[in-house]
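Visitor: I should like to learn how the features of a protein model are read. May we go through one together, step by step?

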Amino acid sequence: GVPIGDFKILNIDWVSRRADVGWDIFHPYRGHGLGKKIVKAGVECCFQLLNLRRLNAEILENNAGSVKCAMGAGFVLEGR
């Protein structure tokens, strides 16, 4: 397989079981629906393997692709 992007897990708080997450889809692979798959897999890893219960993703308002990926993976908009 060829890497198409990455999913990052940052600032894990093991006591409250939360973390910050982010992702990047490499430029040639954007716009093909692959971002949603990466984010869903990353979220599943955080909840199932790391036993986390809350993930935070700070996304710039004008980054429509990342917002779409987040919403498709179950994230909820909390503020702007």
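Guide: Let us begin with the pocket. This is a predicted model, and in it helix H1 (34–49), E3 and H2 each supply at least two residues of the lining of the largest pocket.

Visitor: What volume does the largest pocket have, and which residues lie nearest its centre?

Guide: The volume of the largest pocket is about 630 Å³. Its lining counts 21 residues, and those nearest the centre are Ala-57, Phe-75, Val-76, Leu-77 and Glu-78.

Visitor: Glu-78 carries a charge that may find a partner. How should I read a salt bridge?

Guide: The general idea is that side chains of opposite charge can pair when their charged atoms come close. In this structure there are two salt bridges.

Visitor: Which residue does Glu-78 meet in a salt bridge?

Guide: Glu-78 meets Arg-54, with 3.0 Å from N to O. This pair links distant parts of the chain, for Arg-54 is in strand E3 (residues 54–56) and Glu-78 is in the segment after H2, 24 residues apart.

Visitor: Is Glu-78 buried or exposed?

Guide: Glu-78 has a relative accessibility of 63%, and it counts as exposed because the cut-off for that class is over 50%. Arg-54, at 33%, is partly exposed.

Visitor: Which residues form the other salt bridge?

Guide: Lys-8 and Asp-24 form it, and their closest N and O atoms are 2.4 Å apart. Here too distant parts of the chain are linked: Lys-8 belongs to strand E1 (residues 5–13) and Asp-24 to strand E2 (residues 18–25), with their positions 16 residues apart in the numbering. Lys-8 is partly exposed at 31% relative accessibility, and Asp-24 is partly exposed at 34%.

Visitor: Let us turn to the aromatic rings. How many aromatic pairs does the structure hold?

Guide: There are two aromatic pairs. One is formed by Phe-7 and Trp-23, whose ring centres are 6.2 Å apart with 5° between the planes, and this pair is stacked. Phe-7 lies in strand E1 and Trp-23 in strand E2, 16 residues apart.

Visitor: Why is the pair of Trp-23 and Phe-75 called tilted?

Guide: One reads the angle between the ring planes. For Trp-23 and Phe-75 the planes stand at 50° and the centres are 6.0 Å apart, so the pair is tilted. An angle under 30 degrees would count as stacked and one over 60 as edge-to-face. Trp-23 is in strand E2 while Phe-75 is in the segment after H2, 52 residues apart.

Visitor: Are Trp-23 and Phe-75 buried or exposed?

Guide: Both are buried; Trp-23 has a relative accessible area of 9%. Taken together, the ring pairs link Phe-7, Trp-23 and Phe-75 into a cluster.

Visitor: Let us finish at the surface. Which residues make the nonpolar surface patch?

Guide: Val-67, Met-71 and Leu-77 make this patch, which covers about 270 Å². Leu-77 has already appeared among the residues nearest the centre of the largest pocket. Met-71 is found in helix H2 (residues 64–72), and its relative accessible area of 47% makes it partly exposed.

Visitor: How does one read a distance between two positions that lie far along the chain?

Guide: One compares the separation along the chain with the separation in space. Asp-6 and Arg-80 are 74 residues apart along the chain, and their C-alpha atoms are separated by 25 Å. Asp-6 lies in strand E1 and is partly exposed, at 29% relative accessible area.

Methods
Residues numbered from 1 in each chain as written. Predicted model: local features only at pLDDT ≥ 70, side-chain atom pairs only at ≥ 80, totals over all residues. Heavy atoms only, no water. Patch = residues over 30% accessible without salt bridge, like charges linked within 9 Å, V, L, I, M, F, W, Y side chains within 5 Å. Areas by Shrake-Rupley, 256 points an atom, 1.4 Å probe, with all protein chains shown as cover. Salt bridge = Lys/Arg side-chain N within 4 Å of Asp/Glu carboxyl O. Helix = DSSP H or I, 4+ residues; strand = E, 2+ residues; numbered from the N terminus. Buried < 20%, exposed > 50% of the residue type's maximum accessible area, 1.4 Å probe, protein only. Phe/Tyr/Trp six-rings, centres within 6.5 Å; stacked < 30°, edge-to-face > 60°. 1 Å grid on protein atoms, 1.4 Å probe; cavity = no way out; pocket = protein on both sides within 12 Å on 5 of 7 lines; lining within 4 Å. Points joined across faces, edges and corners; volume = space filled by probe spheres on them.
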